Amino acid sequence: MPKVLVLHGPNLNRLGKREPGVYGRKTLAELNRRLEEMGRAWGLKVETFQSNHEGELIDRIHAADGTFDHLIINPGALTHYSYALRDALASVEVPAIEVHLSNIHNREAFRAHSVTAPAAVGQIAGLGFLSYELALRAVAIRLGLIE
């Protein structure tokens, strides 16, 4: 069964409480359950991990090499300045899809630029939880599990 690692960056553990007008009222646990259910329906094993620490995310990316078939990552604020995270994504043979709950291109100017996106095969932003769901669907399609 193909494996997908979903990485949630800084502050995503605060979903449901943090700026609900921007990020919604659903929690990270609800998102993870939804992704695991969708994955099972498509023949994917979904593992999730959240950290507020850049190094822990980098360690998970490194460990994914040879273990996971795809990554889905929401780097949070690290999107805009973490060259270390970008380099980690580029250093592994695991395709990554970058996701964002909010439309990073329609917010503060500093959020519009992603240093991590060039190391990803694609980016989905601005659709709330649907951003993650579409990324997981893209993985299933890329792996030939669904059309």
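UniProt, in an unreviewed entry, places the feature "active site" at Tyr-23 and His-100. The model discussed here is a predicted one. His-100 belongs to strand β4, and this strand, with its neighbours β3 and β5, forms the main subject of this briefing.

**Annotated positions**

- His-100, one of the residues under the "active site" feature, has a relative accessibility of 4% and therefore counts as buried, the cut-off being under 20%.
- The same kind of record, an unreviewed UniProt entry, places the feature "binding site" at Asn-74, His-80, Asp-87, Leu-101, Ser-102 and Arg-111.
- Among these "binding site" positions, Leu-101 is found in the loop between β4 and β5.
- Leu-101 counts as buried because its relative accessibility is 4%.
- Asp-87, also listed under "binding site", is located in helix α4.
- Asp-87 has 44% relative accessibility and so counts as partly exposed, a class that lies between the limits of 20% and 50%.

**Strand β4 and its surroundings**

- Strand β4 covers residues 96-100, and five of its five residues are buried, so the strand is largely enclosed by the rest of the structure.
- In a regular strand, side chains alternate between the two faces of the sheet.
- In β4, Ala-96, Glu-98 and His-100 point one way, while Ile-97 and Val-99 point the other way.
- Residues on both sides of β4 are buried, including Glu-98 and Val-99.

**Pairing with β3 and β5**

- Strand β3 (residues 70-74) runs parallel to β4, and three bridges join the two.
- Within this pairing, Ile-72 stands opposite Ile-97 of β4.
- Between β3 and β4 the chain passes through helix α4 (residues 83-91), making a β-α-β crossover that is right-handed.
- Helix α4 of this crossover is also the element that holds Asp-87.
- Strand β5 (residues 122-125) likewise runs parallel to β4, to which it is joined by four bridges.
- Val-99 of β4 stands opposite Ile-124 in β5.

**A nonpolar surface patch**

- Leu-127, Leu-130 and Leu-134 make a nonpolar patch of about 230 Å² on the surface.
- One of these residues, Leu-130, lies in helix α5, which spans residues 129-142.
- Leu-130 counts as partly exposed because its relative accessibility is 39%.

How values were computed:
Residues numbered from 1 in each chain as written. Predicted model: local features only at pLDDT ≥ 70, side-chain atom pairs only at ≥ 80, totals over all residues. Heavy atoms only, no water. Patch = residues over 30% accessible without salt bridge, like charges linked within 9 Å, V, L, I, M, F, W, Y side chains within 5 Å. Areas by Shrake-Rupley, 256 points an atom, 1.4 Å probe, with all protein chains shown as cover. Salt bridge = Lys/Arg side-chain N within 4 Å of Asp/Glu carboxyl O. Buried < 20%, exposed > 50% of the residue type's maximum accessible area, 1.4 Å probe, protein only. Pairing = 2+ DSSP bridges. Right-handed = clockwise from strand over helix to strand, strands pointing away. UniProt positions renumbered as here; feature names shortened; annotations may be inferred.
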